[in-house]
Amino acid sequence: MDPANFDAAKARDNLVNEIRKLARAQGFSRVVLGISGGKDSTVCAALCARALGAENVYGVMLPDGEQADIADSRSVCEALHINARTVNIGEMHASLKRATDQLGPVNREGEFSVPYSRASDINVGPRLRMTTLRYIAQALGARLVGTGNLSEATVGYCTKDGDTSCDFALLGKLTSLEVVQVGLAMPELPRELVEKTPTDGLSGKSDEDNMGLKYADIHAWIREGSCGDPEVDQRIAARERANRHKRAMPVVLDPFKTEE
C-alpha cells in the first residue's frame, strides 16, 4: 500500500471503535500505557482518550535515571489531559545489577556467576517498565495497552517480555509510516511529537541507525512485498524469520505426540 493512498482518518476511527468494542466485550473502562514521548505511545494515548475519555487513560512515564526528552512525555499527557504519573525505574535497574553481579562479582559459594552483557542490560529496561506497568494496571483494574508498531515487530526491534507484553496491541497492524499519518489526523496532538525521529534513548542513535534499516523500506516490504532493493529485501526477510518467536506464544512441547 502506497502511504499516499492510506486513509489515516478511517484507520483512526476504526481503531477508536475497536477499543470501545473490546472494552464492552471484556468489561473494562480504564487503560494504562507507558508514555515515552515518541510517536507510537503518543498516538496510542490519543486513540484511547478518544475511545474511553481522557479521564480513563493513565499515562506512565518511566525514565531509567535521567531521560533527556522526558519533557516530551509530559507534553503528551498535558495536551491530551490524561492522568499522568512518573515512576523512575533507575533504582530497580541498579538493584537488579547488584543482585546479578553486574556491579562486581558476588562471591556465593557453589553458585555460578552472571557475566556482564550489554544486550541483556539494555533489554532489562523495557522488561522493568512492563513489570511496573502491569503492577499499576492491575492495581487500577485497567488493561495494559501495547504501543509497538508492525514495522518494528516485523524485524524484531522490540524486547521479548518487555514492550511486546500487553493486553491488546493497538498499533500492531500499522507500519511506522502509517502510525505517523494517523497521528497527523489527530489535531489534538503536537505535530512535532508525531513526526519526532524515533530513538532508543540510550545510544544517542536513531532507531533506523540501530536497526540498520529504513522504515520506508520495511513499510514497502510489508505492504508491497519488496522495497525495490533485493539485498535489503533479503535482510528484512531474514530478520522477520529470526524474530518470529517474539510475536508468538511460547512453544508448548507435547509429551503425548507419537514420534514420526
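The exercises below deal with helix packing and sheet order in a predicted model.

**Exercise 1.** Determine how helices H1 and H2 are oriented to each other, and which residues make their contact.

*Solution.*
Step 1. Locate the helices: H1 covers residues 8-26 and H2 covers residues 39-52.
Step 2. Their axes come within 9 Å and cross at roughly 60 degrees.
Step 3. Angles of 65 to 115 degrees count as roughly perpendicular and those under 35 as roughly parallel. H1 and H2 are therefore oblique to each other.
Step 4. The crossing of H1 past H2 is right-handed.
Step 5. On the H1 side, the contact is made by Arg12, Asp13, Leu15, Val16, Ile19, Arg20 and Ala23. H2 contributes Leu47, Cys48, Arg50, Ala51 and Leu52.
Step 6. Sorted by type, the residues of this contact are eight nonpolar, no polar and four charged.

**Exercise 2.** Find the strand order of the sheet and explain why S3 and S5 each have one side without a neighbour.

*Solution.*
Step 1. Five strands make an open sheet with parallel pairing, in the order S3-S2-S1-S4-S5.
Step 2. S3 (83-86) and S5 (168-169) stand at the edges and each has a single partner strand, so one side of each has no neighbour in the sheet.
Step 3. For S3, look at S2 (residues 57-61): four bridges join S2 to S3, and the two run parallel. In one of the bridges, Val60 is partnered by Arg85 of S3.

**Exercise 3.** State which strands H2 and H5 touch or lie across, and at what angle to S1.

*Solution.*
Step 1. H2 packs on the sheet and touches S1 (31-34), S2 and S4 (143-146). The direction of H2 makes about 165 degrees with that of S1.
Step 2. H5 (residues 118-140) lies across S1, S2 and S4, and runs at about 165 degrees to S1.

Terms used
Residues numbered from 1 in each chain as written. Predicted model: local features only at pLDDT ≥ 70, side-chain atom pairs only at ≥ 80, totals over all residues. Heavy atoms only, no water. Axes fitted to C-alpha atoms, helices over the stretch in contact; angles between N-to-C directions. Parallel < 35°, antiparallel > 145°, perpendicular 65-115°, else oblique. Left-handed = near helix turned anticlockwise from the far one by under 90°. Contact = heavy atoms within 4.5 Å. Nonpolar A, V, L, I, M, F, W, Y, C, P; charged D, E, K, R; others polar. Pairing = 2+ DSSP bridges.
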